[in-house]
Each structure stands twice: as structure tokens, then as C-alpha cells.
Amino acid sequence: MSMGLYAPYITPEMEEHRKKVREFAEKELAPLRQEYEEKNLDGLGKEFPWDLYKKIGERGYLAEHIPKEYGGKGESFLKEIITIEEVARVCGTFSVIVDYTPTLVCNPIFTFGTEEQKKKYLPPLVKGEKVGSYALTEPNAGSDVASIETKAEKKGDKYIINGYKKFIMLGNIADIFLVFAKTKPEAGARGITVFILERDMEGISFPKQEKKLGLRAAPTSEIKLENVEVTEDQILGGPEQENRGIYVALDALDHGRCGVAAQGLGAAQAAFEQALKFASERVQFGTPIISFQAIQWMLADMAMRIDAARLLTYRAAYLRDLAIKGQIERRKVTLPASMAKCYATETATFAAHRAIQIFGGRGYMMDPEYVPIKELPTPEKIYRDCRIFEIYEGTNEIQRYVISREISRLYGIKIK
Ligand SMILES: Cc1cc2nc3c(=O)[nH]c(=O)nc-3n(C[C@H](O)[C@H](O)[C@H](O)COP(=O)(O)OP(=O)(O)OC[C@H]3O[C@@H](n4cnc5c(N)ncnc54)[C@H](O)[C@@H]3O)c2cc1C
């Protein structure tokens, strides 16, 4: 995978970084994958891998692009993307750890937060001492973000927040929440504000944890907000950012979608490697099945799509780095990030599907005994874990909507 195939995005130094993360993921994370899978068969995520979370934080693999003064490493976002990709290759659930809080909580706080907020919230999040959650989705507002019903009513110098958030990753175990609420409901999307809430604030509860298909060791929950009282200091970016939450949501998603693309990429890579090795070892009709053209073509399609997905993902992250440095407009990342997210996540489901097919009956089984590369997950686990990548942080239908809107703009065509 090195061989300079991804130049100019991936420098030799980044390939070194990949090697280190891969070694760490295979040695320290992979041996615990099955244990956490079995502890969380119902998908409730009650047994969250806190030990790994800490270990990953101590290694400095959370939000690597955050500057040193806020606890980060001041590395490129592209390097962080390689970390997410490599952890996702070893386990989808564990990749949530390196992707979710860093991209959807740390980055918005770094981008939009006041100096005080950055100093207070970033270091513990980046070091893995605290967990952050991004609470946008509601029972009646999924793809249609602007229709959220959570309200923050101003009373004197306070805001009283009431509402209900749904499907929030790590919600019930998080310490810090970015909560989107309407401060000016009549203004629609332009009446949304982001508040930083802390777990011990009065009025926050977690009525339901979800049982899910994949990412089983990472809990997903509802969050109920009942008369949660905060001062205007808890507005992300301070009082002048009131009613500007939609910009936070959009910018955070441009960033986060690069992360989800990297999750897809890692999953696809794992499926491919398992399938390739299995096909070279499994003998039927007196020959390894890789000698059948039907199998070769599946592998060729997987390799081709993974390569394309990787280039899209690295390009998006590279551009995001330029945007973070102020060298290009932030808006320039929207199209490449949506393309990368959409394509890489569909590549993941495609590759997992084909890997199961190549494994035959063994592909359908949960037992790791059937896979040739013990450091990597079984195709069935990859399949279950990666399915959500096409849904969260904007479904792939929404990505296609964003892509067509952006290309129409580029070509000067108006869509009603
Ligand atoms: C495991 C998991 C973790 C999650 N984590 C978080 C989190 O941490 N924070 C958070 O805020 N949210 C989170 N979500 C929510 C996730 O982002 C939403 O589920 C997603 O955005 C889709 O919203 P929805 O489920 O309400 O589906 P809907 O919006 O109801 O969509 C249903 C279907 O209709 C399609 N559709 C909707 N509108 C259009 C349109 N205009 N054009 C074409 N098709 C359309 C969708 O693509 C989809 O296929 C999580 C969800 C899951 C399952």
C-alpha cells in the first residue's frame, strides 16, 4: 500500500505514521476485539472499551490535528484520517473511538469555541480522559436537520433547554455534549444555536439505549433535556454565535464525513485482505479458488473501488487541512467530503458483501476461526459494522443531494 501510490497526498512520513498505527492496532486493539464483541452481543454497548479509549488517548491518537496548546499534537488532519483508517481496518467499533469525539466534538470546539472553551474542554477530550457527544438528531428531525424541536428559551441571562435527542453515539457515557437547539424557532435553520452541556448539569437523562446491528460495543442512546439551565457562556463560540448553529453543523459534517470515509476505507481494506488470503488458501475442485475468474473479478472490483475511495478520502482530508489553515475557503471541502463519504462507505459495504461471498458459508459465521488473518475482523462483523457508515453523518441519499447541489453550482446551473 505504500509504494507512493497515493502521492502527493501521502508523504513518506505519513506512511511511517501508518506503520506505527497499524502495529499498535494489530497488537493492542485486535486481541480485544472478540472479547468486546461477545460482551456486547445485544449491541447495547454496556461494556464499552474504556481501557482502549484511555490507551488510544495516551498514545495521542485522538484529534491529532488539534494544536499542542489544547492538548493535541498539531499534526495534519490527513494524518488523523490515516489513524482512523488503520483502526477501522482492525475493528469498526474501535474506530468510533478515534473518529467520533475527535471529528464531531473536538473539531467544532476548536473551530468555533471561545479561547476559554478550547482551554477547558479540549485537553481532557483529546487525551481520552473525557468523552464527547454530538447531539443533533431528534425523533422528528433526521435528514431534515432544520426541523429540530429542542428549544432553548432565554430567561434573563439564562437559557432553559427542553427537548429530546435520538440515536446519539456514546450519548449515555459522554461527559460533554454539543447540543443543537432552537433559540429562534421562527427563523428555521437560522434559528439554531449550539450549546456545550456537561453531564452533571441538572435535567439531562438517557431514557433509552439502542440494541443495534453493528458497532456493538459503542452505545447509542436517547438524551432527554428537561429544563436544563445554562448561561450564555455555554453557547459554543459565546453569545455572538447565537442562531449560527447551522454553520457549526455544516462545517462539523464536512470534517466528520472525511472521518466516516476513513472508517469505510479501513473496513473495505480489511474485507479485501481477508478475502484475498482466503481465496489463495481455500481449495475446491483441486485448486485454490483464486484461480477461478469469478473470484478474481470480485477481488479486482474490490481493489479498484478501494483505490478510488482512498484517493477521494485523502483528497478531501488534504483540502480540509488547507481549509483549517485558512488557505482555501471552508466551503471548498463540502463537495469532496460528501463524495468521499458516499463512495468510501458504499465501497465498504460492497467489499464486505463480496468478502462474505468469497468465504462461502464461512463468511456468514461469527467464529474468527474461519478467517486467515487473525488481526482482522470476520467478514460478517465488517458487514454489520460498516452498514451504518452509509447512514450516519448524513445518509448517502443526502450526500448525493449535496453533491448534485455543489456540482450544479460549479456549472452555474440552478436546482429548485
Ligand atoms: C448508530 C447510529 C449512531 C448515530 N449517531 C448520531 C450522533 O451521534 N449524533 C446525531 O446527531 N445523530 C446520530 N445518528 C443519527 C443519524 O445521523 C440519522 O439516523 C441519519 O441522519 C438519518 O436520519 P433518520 O434516521 O431520521 O432518517 P430519515 O431522515 O427519516 O431518512 C429515512 C430515509 O429517507 C431518506 N431521505 C430523507 N430525506 C431525503 C431526501 N430529501 N431525499 C432523498 N432521500 C431522503 C434517507 O436517506 C433515508 O433513506 C446516529 C444514527 C445511528 C443509527
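**The ligand shell and its surroundings**

Three elements, β1 (132-135), β3 (158-169) and α10 (396-410), each contribute at least two residues to the shell around the ligand. The model in which this shell is seen is a predicted one. The shell brings together parts of two domains, since domain 2 (134-242) and domain 3 (246-410) each give at least three residues to it. Of the 20 residues that surround the ligand, those that come nearest are T137, G142, S143, T395 and E397. Sorted by class, the shell holds 11 nonpolar, 6 polar and 3 charged residues.

It helps to step back to the whole chain. Its secondary structure amounts to 10 helices and 9 strands. The chain has 416 residues, for which a compact globule would have a radius of gyration near 22 Å; the value for the chain is 21 Å, which agrees. Along the principal axes, the C-alpha atoms occupy a box of roughly 80 × 50 × 40 Å. Buried residues account for 52% of the 416 residues. Contacts between residues at least 6 apart in sequence were also examined, and 75% of them join residues at least 24 apart.

The chain divides into domain 1 (12-131), domain 2 (134-242) and domain 3 (246-410). How far apart are the centres of domain 2 and domain 3? Taken over C-alpha atoms, the separation is 30 Å. The two domains also touch, with 13 residues of domain 2 in contact with 10 residues of domain 3. On the domain 2 side of this meeting place there are 10 nonpolar, 2 polar and 1 charged residues.

Two helices can now be followed in turn. Helix α3 (residues 77-90) is made of 14 residues and spans 20 Å from its first C-alpha to its last, close to the 20 Å expected at 1.5 Å a residue. Because 14 of the 14 residues of α3 are buried, this helix is largely enclosed by the rest of the structure. Helix α8 (residues 334-359) has 26 residues and reaches 37 Å between its first and last C-alpha, close to the 38 Å expected at 1.5 Å a residue. In α8, 22 of the 26 residues are buried, so this helix too is largely enclosed by the rest of the structure. After α8 comes G360, which has a positive phi, near 60°.

Individual residues give a closer view of the interior. I161 lies in strand β3, one of the elements that supply the ligand shell. Is I161 buried or exposed? I161 counts as buried because it has 26 C-beta neighbours inside 10 Å, where 20 or more are needed. Leaving out residues up to four places away in sequence, I161 touches T150, A152, V179, A181, F195, L225, V228 and V230. G203 is 42 residues from I161 along the chain, and 9.0 Å separate their C-alpha atoms.

V126 offers a second example, this time from helix α5 (residues 115-126). With 28 C-beta neighbours inside 10 Å, V126 is likewise buried. Apart from neighbours within four places in sequence, the contacts of V126 are with L62, A63, I66, Y70, G71, G72 and C106. The C-alpha atoms of V126 and M201, which are 75 residues apart along the chain, are separated by 22 Å.

Some details of the backbone also deserve a look. Most residues other than glycine have a negative phi, and most peptide bonds are trans. Against that background, F285 has a positive phi of about 50° although it is not a glycine. F285 sits in the loop between β8 (283-284) and β9 (287-288). Because F285 has 8 other C-beta atoms within 10 Å, it is exposed. E393 is not a glycine either, yet its phi is positive, at about 60°. Where is E393 found? E393 belongs to the loop between α9 (379-386) and α10, and α10 is among the elements that supply the ligand shell. E393 counts as buried, since 28 C-beta neighbours lie inside 10 Å, whereas F285 is exposed. Finally, the peptide bond from A7 to P8 is cis, with omega near 5°, and P8 falls in the segment before α1 (12-39).

Notes:
Residues are numbered from 1 along each chain as its sequence is written. This is a predicted model: local features need pLDDT of at least 70, side-chain atom pairs count only at pLDDT 80 or more; totals for chains, interfaces and linings use all residues. Helices (H or I, at least four residues) and strands (E, at least two) are DSSP runs, numbered from the N terminus. The radius of gyration is taken over C-alpha atoms; the globule rule is 2.2 Å times the number of residues to the power 0.38. A residue is buried if 20 or more other C-beta atoms lie within 10 Å of its own, exposed if 12 or fewer, and partly exposed in between; C-beta atoms are placed from the backbone. Two residues are in contact if their C-beta atoms, placed from the backbone, lie within 7 Å. Domain bounds come from an automatic or database domain assignment. Ala, Val, Leu, Ile, Met, Phe, Trp, Tyr, Cys and Pro count as nonpolar, Asp, Glu, Lys and Arg as charged, and the others, Gly among them, as polar. A residue is near a molecule or strand if its C-beta atom, placed from the backbone, lies within 6 Å of it. The expected span of a helix is 1.5 Å times one less than its number of residues.
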